[in-house]
Amino acid sequence: MISLSTIFGPFRRLYIGVMTSVAMTTFIAGEIVAAELNIYSHRQQFLLQPFLDAFTTETGIETNVVYASKGLAQRLQAEGEASPADVVLTVDISRLSEYAELDLLSPVQSDILTKNIPSKFRAADNRWFALSTRTRIIAVSKDRVEPDAIADLEDLAKPEWEGRVCSRKGSHVYNRSLVASVIAAHGEAAATEWADGVVANFARKPQGNDRAQAKAIFQGQCDVAIMNHYYFGKMLYGDKAEQKDWANAINLIFTNQNGRGAHVNVSGGGVAKHSPNREAAIKFLEFLTMPVAQQLYGEVNFEYPVNPQVAPGGVLQAWGAFKADELPIERLAELAPMAQKVIDRVGW
Ligand code: FE
């Protein structure tokens, strides 16, 4: 049984709730697993809740979640051994590896995770695991750009796109990882030259989030933009009418299909170093790599499964398959500091 002193803050009330309910433990396949799991999540509630519901239904393990867009790593550090956190969930390889570098995650040996997640999508030391994938696509104006006019990330630096490219700030993790992928492909000097060319083609100062780039194409401010693929689905099928117009104004280009493949990033997680419910934590990560959860990533947020045995869900399938860059994503995190230097140098 977990000592009450390890549980505090927002979890205390929930913990007492669990205590006064019938069982503190649940029997699963002969093992005793804690009846609760504490999650620190950078992912938003609307997205995570369906996974939590499915997990609790299947295992009987109740979940408590701290949602925050920032500051969870600092919080884990401050809490140290007393931290109630079992699992950390976040997006982008840079953020995952940051948790590992701060020594906030512990290695996990799990045959299920090893089998369900290709090696390029998990840490060599098993401290973090990707759970879904996303690709950064080129969005082009349906009206003003021929669908075959642009194919590769490298094309964004060509003079013909002068004054026609939109982007969010270079220092956002999505773009930093993208630049890291170009460094991995061509080296720092060529990547700098490329990034310089992209910046020279900007129609406006980098600004806004990914969806704002589609909006700018819709409004005619630019013809070409960089965007994570799932925002297309979120705009098209979400409840904001104006965003459907933005989505309908663009075509999606999976980049570098005749070469190294499209840049891929991930969402993922790991088990907290001082997890009080370690077995439940591992079970949760394993659950997230199984077919039911893997399909949920597509249904809830248009993300691709990380498990190659699971086919992408409905809408994703309709968008067609694409060739992904085979680079182990850990390399993107290693190159992130160099990518940031490149971004600063060219003023992206
Ligand atoms: Fe996003």
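A donor is here an N, O or S atom within 2.8 Å of the metal, and because water is not among the atoms, a site may look incomplete. In this predicted model, the iron ion is coordinated by the hydroxyl oxygens (OH) of Y174, Y230 and Y231, at 2.0 to 2.1 Å. Along the chain, the donors of the iron ion follow the spacing Y-x55-Y-Y. Two of these tyrosines can be described further by their accessibility. Y230 is buried, with a relative accessible area of 2%. Y231 also counts as buried, at 14% relative accessibility, because the limit for that class is under 20%.

From the metal site the description turns to the nonpolar interior. The largest nonpolar core has 106 residues, and those with the most contacts inside it are L37, L156, W194, V224, F284, L288 and W348. This core lies between domain 1 (4-133 + 265-314) and domain 2 (135-262 + 323-346), because both domains give residues to it. V224 may serve as an example of the packing. Leaving aside residues up to four places away in sequence, V224 touches I138, A139, V140, V145, I150, L156, W161, R164, V165, C166 and I217.

Charged side chains form a further set of contacts. Side chains of opposite charge can pair when their charged atoms come close. The structure holds 16 salt bridges. One of them joins the side chains of E303 and R134, with an N to O distance of 3.3 Å. E303 lies in the loop between α12 (291-301) and β12 (304-305), whereas R134 belongs to strand β7 (residues 129-141), so this pair ties together parts that are 169 residues apart in sequence. E303 counts as buried at 0% relative accessibility, and R134 counts as buried at 3%.

Another salt bridge connects D223 and R144, at 2.5 Å from N to O. This pair links distant parts of the chain, 79 residues apart: D223 is in the loop between α8 (210-218) and β9 (224-228), and R144 is in the loop between β7 and β8 (165-166). D223 is buried, at 10% relative accessibility, while R144 is partly exposed, with a relative accessible area of 35%.

A salt bridge within a single helix is formed by R331 and E334, whose side chains meet at 2.8 Å, N to O. Both residues lie in helix α14 (residues 330-346), 3 residues apart, about one turn of the helix. R331 counts as partly exposed, at 36% relative accessibility. Elsewhere, salt bridges that share partners join D103, D125, R127 and K273 into one network.

Note on methods
Residues numbered from 1 in each chain as written. Predicted model: local features only at pLDDT ≥ 70, side-chain atom pairs only at ≥ 80, totals over all residues. Heavy atoms only, no water. Core = buried A, V, L, I, M, F, W, Y, C linked by side-chain atoms within 4.5 Å. Buried < 20%, exposed > 50% of the residue type's maximum accessible area, 1.4 Å probe, protein only. Domains from an automatic or database assignment. Contact = heavy atoms within 4.5 Å. Donors = N, O, S within 2.8 Å, 3.2 Å for Na, K, Ca; no water. Salt bridge = Lys/Arg side-chain N within 4 Å of Asp/Glu carboxyl O. Helix = DSSP H or I, 4+ residues; strand = E, 2+ residues; numbered from the N terminus.
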